Amino acid sequence: MPHRTESSDRDAPRRLDALIKQVQGDLSKELRNKIITLITIDVHSRDIVGALITKRVENAQDFLWSSQLRYYWAADSRDADIRICDYRSVYSFEYVGNCGRLVITPLTDRCYVTLTTAIRLFLGGAPAGPAGTGKTETTKDLSRGLGLPCYVFNCSDQMNYQTMADIFRGLSQAGAWGCFDEFNRINIEVLSVVAQQILCILTAITQNKTRFWFEGKEIKLDGTCGIFVTMNPGYAGRSELPENLKALLRPMSMMVPDISLIME
């Protein structure tokens, strides 16, 4: 862990207070968005540092520290190395823009750990839970954190295996993430074929290929592509995922977030 001085400890609350005073003034929409995002990140950082001190964490291998999404500047390669638990990557520098972000709760941190571990194991991710628990937004937030583009698709029973193949073909070549909302709306017959399509992509990533055969065509593969699905379980008219598809997606249960923390 980097050495922290007393002066830097005192500067953090001062900066947070200054940002709060600024946001109370008359600001343009763009600047207000930027400052609110900075406050959200700073408050989370303050809470994590407080937890590290309270729990007397002194080792960089401690889970409380290693489970945080951390960035390290590598001066020799001019890359930003990203680490969380045993996941390692480099920042992809996709343009994120001045968009707002969710309040970072302990559930967000747990979701990050689960999804990044899924990527390391060459699997997709499947956050599941009631509406409004942040399944899609957390996936999008993580993709922004890694500097990767993330495309959200609202699934319906009109989608067939050819539609899905076209989407997967684009994601594989662009190295982008696909977040498939309400994935279990797709018909069970289509999902069985989709499982084979996802397996084909994940197998090619596992083998470190740069080109692979997909649906009868040889296409380029960018290994940063990822497949994530979100589901509202238990709704009428929704398919249960086939077992061969479940095996490719690491499940993550999302619960109602801590409202008091968000309101603060």
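## Overall picture

Of the contacts in the protein with a separation of 6 or more, 71% are between residues 24 or more positions apart. Keep in mind that this is a predicted model. The secondary structure comes to nine helices and 10 strands.

As for overall dimensions, the C-alpha trace spans about 60 × 45 × 40 Å along its principal axes. The radius of gyration is 20 Å, which agrees with the value near 18 Å that a compact globule of 264 residues would have. Of those 264 residues, 40% count as buried. The protein exposes about 14800 Å², and carbon and sulfur atoms supply 54% of that area.

## The three-stranded sheet

Let's start with an open sheet of three strands, ordered β1-β2-β3 and paired antiparallel. β1 (70-74) and β3 (87-90) are the edge strands: each has a single partner strand, so one side of each is left without a neighbour in the sheet. From one strand to the next, the twist averages 25°.

The pairing of β1 with β2 (residues 79-84) is antiparallel and runs over five bridges. Within this sheet, Tyr71 sits opposite Ile82 of β2. Tyr71 counts as partly exposed, because its relative accessibility is 42%, and it turns up again among the aromatic pairs below.

## The β7-β8 hairpin

Further along the chain, β7 and β8 make a hairpin with two residues between them, and Glu215 in the turn has a positive phi of about 50°. Four bridges join β7 to β8 (residues 217-220), again in the antiparallel sense. One of the bridge partnerships is between Phe214 and Lys217 in β8.

Strand β7 (residues 211-214) has two distinct faces: Phe212 and Phe214 are on the covered one, while Arg211 and Trp213 are on the uncovered one. The numbers for the covered face are low: Phe212 is buried with a relative accessible area of 4%, and Phe214 is buried at 1% relative accessibility.

## Aromatic pairs

Aromatic pairs in the model number seven. One of them is Tyr71 with Tyr91, an edge-to-face arrangement with 6.4 Å centre to centre and 70° between the planes. This pair links distant parts of the chain, with Tyr71 in strand β1 and Tyr91 in the loop between β3 and α4 (106-120), 20 residues apart. The two covered residues of β7 also pair up: Phe212 and Phe214 are tilted, with 6.0 Å between centres and 50° between planes.

There is a cluster too, made up of Phe153, Phe168, Phe180 and Phe183.

## Two buried positions

Leu249 belongs to strand β10 (residues 249-253). With a relative accessible area of 5%, Leu249 is buried. Leaving aside residues up to four places away in sequence, Leu249 touches Gly124, Gly125, Ala126, Ile227, Val229 and Leu241. The C-alpha atoms of Leu249 and Ile198 are 9.6 Å apart, although 51 residues separate the two along the chain.

The other position is Ser143, located in helix α5 (residues 135-145). Ser143 counts as buried, because its relative accessibility of 2% falls under the 20% cut-off. Its contacts, again without residues up to four places away in sequence, are Leu148, Cys150 and Trp177.

Technical notes. Residues numbered from 1 in each chain as written. Predicted model: local features only at pLDDT ≥ 70, side-chain atom pairs only at ≥ 80, totals over all residues. Heavy atoms only, no water. Pairing = 2+ DSSP bridges. Axes fitted to C-alpha atoms, helices over the stretch in contact; angles between N-to-C directions. Buried < 20%, exposed > 50% of the residue type's maximum accessible area, 1.4 Å probe, protein only. Contact = heavy atoms within 4.5 Å. Rg over C-alpha atoms; globule rule 2.2 N^0.38 Å. Areas by Shrake-Rupley, 256 points an atom, 1.4 Å probe, with all protein chains shown as cover. Phe/Tyr/Trp six-rings, centres within 6.5 Å; stacked < 30°, edge-to-face > 60°.
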